[in-house]
Amino acid sequence: MSAANRTPVTVLGLGPMGQALARAFLAAGHPTTVWNRTASKADRLVADGAILAPTAADAALAGDLAVICVIDAGAVRSIVEQAADALRGRTLVNLTADTPERARELAAWAGEHGIDYLPGAIMTPTSSIGNEAASILYSGPEELFRRHRPALAALDASATYLGADPGRAAAHEVALLDLFWSSVSGLMHAYALARAENITAGELAPFAKGIGDLIPIMIDEFASHIDSGEYPGDESTTVSTLAGVEHVIEASEARGIDTAALTAIRASVQRVIDSGHGEDSIARLSDALRVAVPAG
Ligand code: NDP
């Protein structure tokens, strides 16, 4: 498709990510209509060729495909409720991060209002949008994903479709953000402990990267343990893990560093041992973290 006949698209929400999405559509030659609660955030996009609509409903009327990307599902709801009539019979792609349950609730709301709804999750930063570093996950009606794939390729040419459950993209996202934020918080704790021991963050950094290099190996190895239900402890056991965690807690306490996250880790590692699996690999922790079965 030449740039001259690209489909018109709408972008609702112009935070850093919404602006990146609109910029990628413009770069791919899509006539791009934008709307944001704070209109001034559209200034640079308008200078680059975007059309600023006065309301979300006016923006939605500009084409068959609207992409919304704002802070959370509550903001999405407040915007799309005002634009529900305009969106009827059109496709709304929601790239806003929130929980799987809220993704399913929004899908149900869209269904009741005759809006074709495709939820997605952006797993990479703004700088990745529109180039090969982008990773955007979609779930919901496969036909919608296929129909709009040519336009959505402007954002991520290798977009991933995960299945019909509208909550499935968000479920991947929360699990991956769990990994991300736990890792970032662990890194900050490591820097705090190192600094308390007169090691600068820069001095620790090369060794921290060495630890980071181990994570991709563990991701595959532990996935195979968890999916097979077999947890061989021949390389390292849960009892050994507990001893290591204890040392970090003791060293942190000695330097006045917060140990709340580490004591929670210690408690769950202890549960694995108490249930008779101390000689298994620490991948058993994935089972022990399930502390309650949700009602319903
Ligand atoms: P924010 O999460 O800060 O969202 C800002 C946008 O939300 C703005 O358009 C803002 O409007 C709008 N907004 C906030 N509250 C309301 C409200 N009550 N009613 C209407 N609009 C509201 O910034 P991002 O653009 O960075 O993120 C958007 C989404 O993209 C989030 O879900 C985020 O998790 C996700 N994401 C972001 C990444 C990033 O690198 N930035 C990476 C991956 C995902 P206004 O300008 O008027 O305040």
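**Ligand contacts in a predicted model**

Q: How far is an oxygen atom of the ligand from a polar backbone atom of A97?
A: This model is predicted. A polar contact needs a pair of N or O atoms within 3.5 Å. Here the pair joins a ligand oxygen to a polar backbone atom of A97, and the distance is 2.9 Å.

Q: What share of the ligand's exposed area does the protein bury?
A: Start with the ligand taken alone. It then exposes 890 Å². Of that area, the protein buries 72%.

Q: Which residue has a backbone N or O atom 3.2 Å from an oxygen atom of the ligand?
A: Two backbone contacts can be compared with the 3.5 Å cut-off. L14 has a backbone N or O atom 3.1 Å from a ligand oxygen. The 3.2 Å distance belongs to P16.

Q: Which elements give two or more residues to the shell around the ligand?
A: First, place the ligand. It sits in the second largest pocket. The elements giving two or more residues to its shell are α1 (16-27) and α4 (73-82).

Q: How many residues in the shell around the ligand are charged?
A: The ligand has 22 residues around it, and M17, N36, T38, K41 and A97 come nearest. Sort the shell by class. Eleven are nonpolar and nine are polar. The charged residues number two.

Q: What distance separates the centres of domain 1 and domain 2?
A: The domain assignment gives domain 1 as 6-164 and domain 2 as 197-291. Their centres are taken over C-alpha atoms. The separation is 39 Å.

Definitions and conventions
Residues numbered from 1 in each chain as written. Predicted model: local features only at pLDDT ≥ 70, side-chain atom pairs only at ≥ 80, totals over all residues. Heavy atoms only, no water. Domains from an automatic or database assignment. Near = heavy atom within 4 Å. Polar contact = N/O pair within 3.5 Å; in protein donor to acceptor, adjacent residues only side chain to side chain. Areas by Shrake-Rupley, 256 points an atom, 1.4 Å probe, with all protein chains shown as cover. 1 Å grid on protein atoms, 1.4 Å probe; cavity = no way out; pocket = protein on both sides within 12 Å on 5 of 7 lines; lining within 4 Å. Sits in = over half its atoms within 2 Å of the grid points. Helix = DSSP H or I, 4+ residues; strand = E, 2+ residues; numbered from the N terminus. Nonpolar A, V, L, I, M, F, W, Y, C, P; charged D, E, K, R; others polar.
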